[in-house]
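Me: I would like to go through this model in short questions, with the reasoning shown each time. Please start wherever you like.

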Amino acid sequence: MENQQLQYQHTLKGEIALSGIGLHTGAHVNMTLKPAPPGHGIKFQRIDLPGQPIVKADVDYVVETTRSTTLEHNGARVSTVEHIMAALAGTGVDNVLVELDAGEIPIMDGSAYEFITAIEKTGLQNQDAKKVYYTIDTNISFYDEKKKVEMVAMPAVDYRITCLIDFNSPVLGTQHAKMKGIEEFTTEIAPCRTFCFLHELEYQLSLNLIKGGDINNAIVVVDKPVSEEELARLAKVFNRETISVQKEGILNNIELRFPNEPARHKLLDVVGDLALIGYPIHAHIIANRPGHSTNVEFARQIKAYIKKNKHNKDLPVYDPNQPPIFDTPRIERTLPHRYPMLLVDKIIELEEEKVVGIKNVTFNEGFFQGHFPGNPVMPGVLQLEALAQVGGILALNRVPDPENYDTYFLKIDNCKFKQKVVPGDTMILKMELLSPIRRGLVEMRGTVFIGNKVATEADMIAQIIKTREGKPKQ
């Protein structure tokens, strides 16, 4: 899926009907995924209950995390939601209604693969609504002393996850898995099946769990000697004539899809559980020994941070080590401005409807000599000029021969100055289209960030006008 498409919300092109067995309840369930309007989000509906109650896929409604993640609200309870949530997040589905005639999502083959296959076969439709990503601008850390689980979300320009597991198992050893971007999910993570250890099965059976378990939908790791009596008992549980342990330490010799399939499945669970935050995020997640309970607690922590810092949504991340998209000479070939009125040093992002530029403010700026001498402050009108120039790059990027056009700003609304800009500051200048360009009129919203704080914001309207002779060549 193209990155530009990911800037809009998506739903399904049609309905998807799936059925299967619940891993823990053993009940047969029919599940239908239906398209939903923009802003709907992911919701589950129990059509088998009176009133057909709905529960939103939200970490606030998680009530149980024993071997799976369970939601409950409005009298509706839905368990084992992590795999379908991961599949929806991995394919970029924002809005869907999931109808169920039982209380558990079908386990299918123990991974998200069959969900992904069905979604890709049906396809997605672009919706007329923006998808807002929330950028984590500081490290968010979580540590569970009892379970020795450590998780951290670090600033990043996309969504990536590093997962490490260590169960002190001679069979699994220490494993790690990586997802360098959400686009890798469908092929590298989705096919990976759930797993457990053989010595855990008796305990789970005593809790009345895994009634729908089968060695076809779970990897069973054998890391301790097993008697023939125990194998016979398990064969009866799984409706098999015989069960054996192969030298690889996997029950009944299931062939792994990846050498580190258990670690990749733990990463899959992290994707699914963190999708319950309710906001798509840009961050690098590092998860050491994660599980559903800690995933959910970490998701709650991230959600609380986002709610507290919502004004910083889609905060641009500036990495000075990355080469710019436009350097100063390239900017001069597009804009008519020159020193001392060229107020943009480089462009670090340029998309169909968004641009991000950088202005490094130094004490040598000419305007500091006369503007608050002894207490230098960048004039607000020049901050707006810097935004306007970045907006000019965005506007002219839409015309076939930008060297023959200029942009003239016609109107400024809703201008607010929230923080001083002083020497030593790095201005991150973001301009976004508010509506499609019509008749050369460009309506944009501009924001100046200093670090993670908003310094200036304004709505602007500009007009693209063709020059008579074109701009001078550089």
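Me: Is Arg439 buried or exposed?
Reply: This is a predicted model. Arg439 sits in the loop between strand S22 (426-433) and S23. Exposed means over 50% relative accessible area. Arg439 has 73% relative accessibility, so this residue counts as exposed.

Me: What is the phi of Arg439?
Reply: Most residues other than glycine have a negative phi. Arg439 has a positive one, and it is not glycine. Its phi is near 55 degrees.

Me: Where is Arg67 found, and what is its phi?
Reply: Arg67 is in the loop between strand S6 (62-64) and strand S7 (70-73). At 35% relative accessibility, Arg67 counts as partly exposed. This residue, other than glycine, takes a positive phi, near 65 degrees.

Me: Which residue does UniProt's "active site" annotation cover together with His371?
Reply: The annotation comes from an unreviewed UniProt entry. One residue of this set, in helix H7 (residues 292-308), belongs to the lining of the second largest cavity. The residue covered together with His371 is His292.

Me: Which residues does His292 touch, leaving out those up to four places away in sequence?
Reply: His292 is buried, with a relative accessible area of 10%. Its contacts include Arg67, the residue with a positive phi near 65 degrees. The full set is Thr65, Arg67, Ser68, Thr69, Glu82, Asp269 and Asp273.

Me: Why do His83, His265 and Asp269 gather at one spot?
Reply: UniProt lists these three for "binding site", in an unreviewed entry. They span 187 residues in sequence. Yet they gather at one spot, because no two of their C-alpha atoms are more than 9.6 Å apart.

Me: Which of the "binding site" residues is included in the lining of the second largest cavity?
Reply: The UniProt set, from an unreviewed entry, is His83, His265 and Asp269. His83 touches Asp269, and so does the buried "active site" residue His292. Of the UniProt set, the cavity lining includes Asp269.

Me: What is the relative accessible area of His265?
Reply: His265 is found in helix H6 (residues 261-274). Beyond four places in sequence, it touches His83, Gly110, Cys192, Arg193 and Thr194. His265 is buried, with a relative accessible area of 2%.

Me: Is His83 buried or exposed?
Reply: His83 lies in helix H1. Among its contacts are Ile107, Gly110, Phe115, His265 and Leu268. Buried means under 20% relative accessible area. His83 has 4%, so this residue is buried.

Me: Why do the buried residues of H2 line one face of the helix?
Reply: The buried residues of H2 (residues 113-122) are Phe115, Ile116, Ala118 and Ile119. An α-helix has 3.6 residues a turn, so residues three or four places apart point the same way. Seen down the axis of H2, the buried residues line one face because they fall within an arc of 165 degrees.

Me: Which exposed residues does the opposite face of H2 carry, turned away from its buried side?
Reply: The buried residues of H2 pack against several elements, including strand S1 (8-12), helix H1 (82-91) and helix H3 (185-189). The face turned away from that buried side carries exposed residues. They are Glu120 and Lys121.

Me: How many Å separate the C-alpha atoms of Ala118 and Ala17?
Reply: Ala118 is found in helix H2 and counts as buried at 15% relative accessibility. Ala118 touches Ile16 and Leu18. Ala17 is 101 residues apart from Ala118 along the chain. Their C-alpha atoms are separated by 8.7 Å.

Me: Which members of the largest nonpolar core touch the most other members?
Reply: In soluble globular proteins, nonpolar side chains tend to be buried together. The largest nonpolar core here has 68 residues. A second, separate core of 39 residues includes Leu343, Ile347, Leu394 and Met460. In the largest core, the members touching the most others are Phe44, Phe185 and Ile285.

Me: How many bridges join S23 to S24?
Reply: Strand S23 (residues 441-450) runs antiparallel to S24. One bridge pairs Thr447 with Glu457. In the hairpin of the two strands, Gly451 takes a positive phi near 65 degrees. The number of bridges joining S23 to S24 is 10.

Conventions: Residues are numbered from 1 along each chain as its sequence is written. This is a predicted model: local features need pLDDT of at least 70, side-chain atom pairs count only at pLDDT 80 or more; totals for chains, interfaces and linings use all residues. Side-chain values use heavy atoms; hydrogens and water are left out. Two strands pair if DSSP finds at least two bridges between them. Helices (H or I, at least four residues) and strands (E, at least two) are DSSP runs, numbered from the N terminus. Buried means under 20% relative accessible area, exposed over 50%, partly exposed in between (1.4 Å probe, protein chains only). The arc is that of the directions from the helix axis to the C-beta atoms. Contact means heavy atoms within 4.5 Å. UniProt positions are given in the numbering used here, feature names are shortened, and annotations may be inferred rather than shown by experiment. On a 1 Å grid over the protein atoms alone, a cavity is a set of points where a 1.4 Å probe fits but cannot get out, and a pocket is an open set with protein on both sides within 12 Å along at least five of seven lines; lining residues have an atom within 4 Å of a point. A nonpolar core is a set of buried Ala, Val, Leu, Ile, Met, Phe, Trp, Tyr and Cys residues joined through side-chain atoms within 4.5 Å.
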